[in-house]
Amino acid sequence: MMEDELKLMYQLKVEGLCCSSIIIELGLRLRGENNEQFVKAARALCNGMHSGLACGALTGAVCMLALFDERNTEMTKEMVDWFQHELCEKYGSANCVDITRCDPYEKAVKCPEIMRATYIRAKEMLTEFGYLEPME
């Protein structure tokens with residue numbers, strides 16, 4: 001199942017979606033829902049809100065978690081903590097501009113890795129918090 005989701009992640013990228021929109025689209029699909037307007041609106045989060053700030057994978061993931069329970073701020077806090085400890089240590093920052101240095105090559109190499117890791121962690125959290133069934 002995860003392999004299919006990762007293939008879909010890359011397909012959505014080819015179709016022109018960005019990090020945050022892709023993760024939100026995948027979250028909607030986990031819920032069996034479709035919300036094209038929300039996915040389009042999430043483009044405002046792309047490329048660090050188009051200003052190089054917070055990584056779109058992170059902002060997309062917290063939106064994805066909120067799809068399951070917008071009142072569970074503990075999941076948001078845990079996602080941010082995980083991102084800081086795992087990915088900020090590896091990439092030096094949670095800001096898009098610091099991670100990619102506005103270099104297309106850096107973006108092509110790092111962003112898919114960050115999206116994949118962040119999406120996997122979000123799914124793990126949804127399972128841990130009881131919103132998704134454990135995978136066998």
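User: What does a helix or a strand mean when the pattern of the protein is written out?

Analyst: Helices and strands are DSSP runs, with at least four residues for a helix and at least two for a strand, numbered from the N terminus. In this predicted model, the pattern along the sequence is α-α-α-α-α-α-α-α. The count is 8 helices and 0 strands.

User: How does the radius of gyration of the protein agree with that of a compact globule, and why is 136 residues part of the reasoning?

Analyst: The expected value depends on chain length, because the globule rule is 2.2 Å times the number of residues to the power 0.38. For 136 residues that gives a value near 14 Å, and the protein has 14 Å, so the two agree. Along the principal axes, the C-alpha atoms fill a box of roughly 40 × 30 × 25 Å.

User: What share of the residues is buried?

Analyst: Buried means under 20% relative accessible area. Here 43% of the 136 residues are buried. The exposed surface comes to about 7,600 Å², with 51% of it supplied by carbon and sulfur atoms.

User: Which residues have the most contacts inside the largest nonpolar core?

Analyst: A nonpolar core joins buried residues of certain types through side-chain atoms within 4.5 Å. The largest one here has 38 residues, and M79, F83 and I114 have the most contacts inside it. Helices α1 (2-14), α2 (19-30), α5 (56-68), α6 (73-91) and α8 (104-128) each supply at least two of its residues. The most comes from α8, with 8 residues.

User: What does I114 touch?

Analyst: Leaving out residues up to four places away in sequence, I114 touches C55, A57, F83, L87, Y91 and I99.

Definitions and conventions:
Residues numbered from 1 in each chain as written. Predicted model: local features only at pLDDT ≥ 70, side-chain atom pairs only at ≥ 80, totals over all residues. Heavy atoms only, no water. Buried < 20%, exposed > 50% of the residue type's maximum accessible area, 1.4 Å probe, protein only. Areas by Shrake-Rupley, 256 points an atom, 1.4 Å probe, with all protein chains shown as cover. Contact = heavy atoms within 4.5 Å.
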